[in-house]
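Below is a colleague's note on this structure, set out as numbered points. The points start with one strand and its partners, move on to a loop residue, and end with the nonpolar core.

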Amino acid sequence: MAIARFWRETPRRYNLGGSRCTNCRTVYFPPRSVCPTCSKHRQSIGKLEPFQLSGEGEVVSYSVVHDAAEGFEMQVPYVVALVRTREGPTLTGQVVDIDPHTVQIGLKVRATFRKLREDGRAGVIHYGYKFAPAEDAGGPAASRGPRAMAPASPPSEGGAARA
Ligand SMILES: [Zn+2]
């Protein structure tokens, strides 16, 4: 079955692959194979299709974590937020690239794929999604680029490459 294989081969923690009911258009993440909204009529069986979430959403709840879980010691304090995506599903994730104390409800964010933690002994690095402030969503500064507020950039001015 092609759809099942699609889900297996593209771990959802990498690509935010959910599913959408083609009957009622409800989006689910993690993906479901039966739609609870339609299930009483058994209409949704076979009607869910893979659906790619945009990763855009807004913070609906958050907390600042000061006591890091094992493996997360390097980034205390950090913010874990509940983010309602544009498509509907609510995701939990860390908010990065922002002063933890400036995170607030309603903040527009976008999922970004980052290193989650490193298993020191095995050298295994785990990746997954985190949320970063969305630059083009509602912010007063319309400029593009990751750190638009800081004009200071790498030493690229005047005679850069000097080997
Ligand atoms: Zn449905």
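1. In this predicted model, strand β1 (residues 17-21) is joined by five bridges to strand β3 (residues 48-52), and the two run antiparallel. One residue pair that fixes the register is G18 of β1, whose bridge partner in β3 is F51.

2. The other neighbour of β1 is strand β2 (residues 27-28), which is also antiparallel to β1 and is joined to it by two bridges. Here the bridge partner of R20 is V27 in β2. Five residues lie between the strands in the hairpin of β1 and β2, and in this hairpin R25 takes a positive phi near 70°.

3. Taken together, these strands form an open sheet of three strands in the order β2-β1-β3, with antiparallel pairing. Because β2 and β3 stand at the edges and each has a single partner strand, one side of each is left without a neighbour in the sheet.

4. Is strand β1 largely enclosed or left open by the rest of the structure? Four of its five residues are buried, so β1 is largely enclosed by the rest of the structure; the cut-off behind this statement is that a residue is buried if 20 or more other C-beta atoms lie within 10 Å of its own.

5. K47 is found in the loop between β2 and β3. With 16 other C-beta atoms within 10 Å, K47 is partly exposed, since that class covers the counts between 12 or fewer (exposed) and 20 or more (buried). Not counting residues up to four places away in sequence, K47 touches C21, T22, N23 and C35. The C-alpha atoms of K47 and R25, the hairpin residue with the positive phi, are separated by 9.9 Å, although the two residues are 22 residues apart along the chain.

6. Turning to the interior, the largest nonpolar core has 15 residues, and those with the most contacts inside it are V59, A81, V95 and V103. At least two residues of this core are supplied by each of β4 (56-65), β5 (78-85), β6 (90-95), β7 (108-119) and β8 (124-133), and β5 gives the most, with three residues.

7. Which residues are in contact with V95, leaving aside its neighbours within four places in sequence? They are Y62, V79, A81, V103, V109 and F131; of these, A81 and V103 are, like V95 itself, among the residues with the most contacts inside the core.

Terms used: Residues are numbered from 1 along each chain as its sequence is written. This is a predicted model: local features need pLDDT of at least 70, side-chain atom pairs count only at pLDDT 80 or more; totals for chains, interfaces and linings use all residues. A nonpolar core is a set of buried Ala, Val, Leu, Ile, Met, Phe, Trp, Tyr and Cys residues joined through C-beta atoms within 7 Å. Two residues are in contact if their C-beta atoms, placed from the backbone, lie within 7 Å. Two strands pair if DSSP finds at least two bridges between them.
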